[in-house]
Amino acid sequence: MSNSISSRPVALAVAPDDPPRSARLTASVSLPAVPESVPRLRRTARALVRNRRLSADVAEALSVIVTELVTNAVLHSGSADVSVLFEVCDTALTVRVRDWGRWRERAAPRCEPADVDAAFGRGLDLVDAFAVDTTVVRTAEGTLVEAVIAL
C-alpha cells in the first residue's frame, strides 16, 4: 500500500433530501496514516457539520478533536491506515478514530515551539476540553478513541 493520498476531495454520503437533525447519520472515512490525511479528515468533519447545519461551536470542537486524534494516530501508532467514524443523532455527535498500530513515542523531539493557539499537540487534554466524554481503548490490534460532543 502506498503512503501517498490522492488529491481527490473526501466526500460524505448524506441523503439528498437533507435528513432532519433528529435522524441518525453515520459516515466513515479511511485514509493512509500520513500527515496529509490530517487536513483532509478535518475538512471532512467540517463538511459533515455544514451538511447537518450544526453550530460553529460544534464545528470548532469537531475540527480540534479530529485534528488531535488523527495526528496522534499518524505520529504514534505506526499504523498504515487511520479510520474516522462520525455518528450524529439529535443530542450528540460522536467521532471514533481507529488505527491498527501500537503506541510508539515520537521519533524526534518536536521541532515547533509550544503555541497556545496551536490546534494540536496537547494530547487528550485538548480533546477532553471539547468533548463531554472521551474513551481510549488500546489493544494489541490498535487503538480506538471515541469522543462525544453534545449538541
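The following exercises concern the sheet and helices of a predicted model.

**Exercise 1.** Determine the strand order of the open sheet and which strands lie at its edges.

*Solution.* Step 1: The open sheet holds 5 strands, and its pairing is antiparallel. Step 2: Read across the sheet, the order is β1-β2-β3-β5-β4. Step 3: β1 (25-32) and β4 (133-139) each pair on one side only, and these are the edge strands. Step 4: On average, neighbouring strands of this sheet are turned by 10° against each other, with direction ignored.

**Exercise 2.** Describe how β4 is connected to β5.

*Solution.* Step 1: In general, strands of a sheet pair through backbone hydrogen bonds. Step 2: β4 and β5 (residues 142-150) run antiparallel and are joined by 7 bridges. Step 3: One bridge partner can be named: Thr 135 is matched by Glu 146 in β5. Step 4: The link from β4 to β5 is a hairpin through 2 residues.

**Exercise 3.** Which strands does helix α1 touch, and across which does helix α2 lie?

*Solution.* Step 1: Helix α1 (residues 37-52) packs on the sheet and touches β1, β2 (81-88) and β3 (92-99). Step 2: The direction of α1 makes about 165° with that of β1. Step 3: Helix α2 (residues 56-76) lies across β2, β3 and β5. Step 4: Relative to β3, α2 runs at about 10°.

Notes. Residues numbered from 1 in each chain as written. Predicted model: local features only at pLDDT ≥ 70, side-chain atom pairs only at ≥ 80, totals over all residues. Heavy atoms only, no water. Pairing = 2+ DSSP bridges. Helix = DSSP H or I, 4+ residues; strand = E, 2+ residues; numbered from the N terminus. Axes fitted to C-alpha atoms, helices over the stretch in contact; angles between N-to-C directions. Contact = heavy atoms within 4.5 Å.
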